[in-house]
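Me: I'm new to this structure and would like a close look at a single part of it. Could you pick one strand, walk me through its surroundings, and then show me what else is worth finding?

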Amino acid sequence: MISDSTGLDEFGELLAGGPVTFYVGFDPTAASLHVGHLVQVLTARRLQLAGHRPVLLVGGATGQIGDPRESAERTLNEPEVVAGWVERIREQLSPFVSYVGDNAARLVNNLDWTGPMSAVDFLRTVGKHFPVNKMLAREVVRARLESGISFTEFSYQLIQANDFFELHRREGVMLQFGGSDQWGNITAGVDYVRRRGAGPVHAFVTPLVTKADGTKFGKSEGGALWLDPEMTSPYAFYQFWINTDDRDVGRYLRYFSFRSREEIEELEKAGAERPAARLGQRALAEELTSLVHGEREMREAVAASQALFGRGSLDELSADTLRAALAEAGLVRLSELPPLAALLRDSGLVGSLGEARRAIAEGGAYVNNERMSDADAAVPASALLHGRYLVLRRGKRTFAGVELVR
């Protein structure tokens, strides 16, 4: 879980010496955290379970500035929008750590100490300690020098570094961590705390999580995989982990699961012996869906996954879970129900009426998991699930949804 640090020996001595107060920050650049943030969220949980004290920072100040990207300048969001996102993300972070006991967690907002500073105070107090030549040497800054970088994004590093100093002073924070893309910002903070005559403080970064095929982790066909159930349904979240590549599942279990090393190795062994059973993927999907969305939503997602492929009852699924599952497969909205062959074509399961008739004749067409044999049959309204949905399936694994809109 550590791709770089300010010194593993010193870091180890720090953690072994007793409870340590640490912090990790999250910038509100959207209304929700996404699955890429889970490494940091769960690392904070691990450290608290080991007896250390978390401070989770949501960047009401840094979220208004934007960490520089190599591609182009960020669009600045309105302060009111950022403030709303801060509150939503604070609520999302709350369930992952405990707020009671000797190592009770704290949620903080860096706007509380950054907002009151005047420009003169900032330049004299913070800016004085940052050599520009070191700032220019940062990789992302060098990449932007030719195309241009604003002073706003250039100064982001100073604000984040000051967060470390303020949390060291206010909360006794001795350790910061983040993703590997934050290494430059984080080490700038370590150096700044030292220049202000405090510390020493420590830092580490976690590895960049990637997929075996080289694509970006945390993306589904619809885009980012959000932790907010209104933006990504628990069913879609569950399916993301179920569809993990066999080559990735062992690594993801080590990053995200709280299972023991022995349990993970057993799952890897079972996966190698019986890859079709996808035991590692199921363990990962169930554990993380339960952790992020709760046990009930996880059970609903499992039930939906089984029912859609004919291994459970569709009638037992809630309307919300059923719609979310069908939306993932492809949900077509119709004002009336045509005969079966046309219904298969209109849903996108087949490309033509002829193909639909062949699938039905071969016994490969299903409505609500019941095999259909008459291509011209009308699907009765009584077959609609929750009065509006149909689950269509071709063969064992290809399905689509229909929603009747009156």
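Reply: Happy to help; here is a walk around strand β6, followed by a few other places to visit. Please keep in mind that this is a predicted model.

Let's begin with β6 itself, which covers residues 202-206. How many of its residues are buried? Five of its five residues are, so the strand counts as mostly covered, with buried meaning under 20% relative accessible area. You can check this face by face: His-202, Phe-204 and Thr-206 lie on one side, Ala-203 and Val-205 on the other, and all are buried.

Next, look at the strands beside it. Strand β1, residues 4-5, pairs with β6 in the antiparallel sense over two bridges. In that pairing, Ser-5 stands opposite Phe-204. Strand β5, residues 175-179, also pairs with β6, here in the parallel sense and over five bridges. There you will find Gly-178 opposite Val-205. To get from β5 to β6, the chain passes through helix α10 (residues 183-195), and this β-α-β crossover is right-handed.

Another stop is helix α9, residues 156-171, where Asn-162 is found. Is Asn-162 buried or exposed? Asn-162 is buried, because its relative accessible area is 3% and the limit is under 20%. Setting aside neighbours within four places in sequence, Asn-162 is in contact with Trp-113, Met-117, Val-126, Tyr-192 and Arg-196.

Now for the nonpolar cores. In soluble globular proteins, nonpolar side chains tend to be buried together. The largest core here has 51 residues, and Leu-38, Leu-93, Phe-237, Trp-241 and Phe-256 touch the most other members. Helix α2, residues 38-49, gives the most to this core, with six residues. Apart from this core lies another, of 29 residues, including Met-135, Val-140, Val-173 and Val-190. If you centre your view on Trp-241, its contacts beyond four places in sequence include Val-35, Leu-38, Phe-217, Tyr-252 and Phe-256. Gln-281, Leu-284, Ala-285 and Leu-288 are also in contact with Trp-241.

Finally, there is an open sheet of five strands to trace. Its order is β9-β13-β12-β10-β11, and the pairing is mixed. The edge strands are β9 (331-334) and β11 (370-371), each pairing on one side only. Within the sheet, β12 (residues 389-394) and β13 (residues 398-404) pair in the antiparallel sense over six bridges. To find that pairing on screen, look for Leu-392, which stands opposite Ala-400 in β13.

Conventions:
Residues are numbered from 1 along each chain as its sequence is written. This is a predicted model: local features need pLDDT of at least 70, side-chain atom pairs count only at pLDDT 80 or more; totals for chains, interfaces and linings use all residues. Side-chain values use heavy atoms; hydrogens and water are left out. Helices (H or I, at least four residues) and strands (E, at least two) are DSSP runs, numbered from the N terminus. Buried means under 20% relative accessible area, exposed over 50%, partly exposed in between (1.4 Å probe, protein chains only). Contact means heavy atoms within 4.5 Å. Two strands pair if DSSP finds at least two bridges between them. A crossover is right-handed if, with the strands pointing away from the viewer, the path from the first strand over the helix to the second runs clockwise. A nonpolar core is a set of buried Ala, Val, Leu, Ile, Met, Phe, Trp, Tyr and Cys residues joined through side-chain atoms within 4.5 Å.
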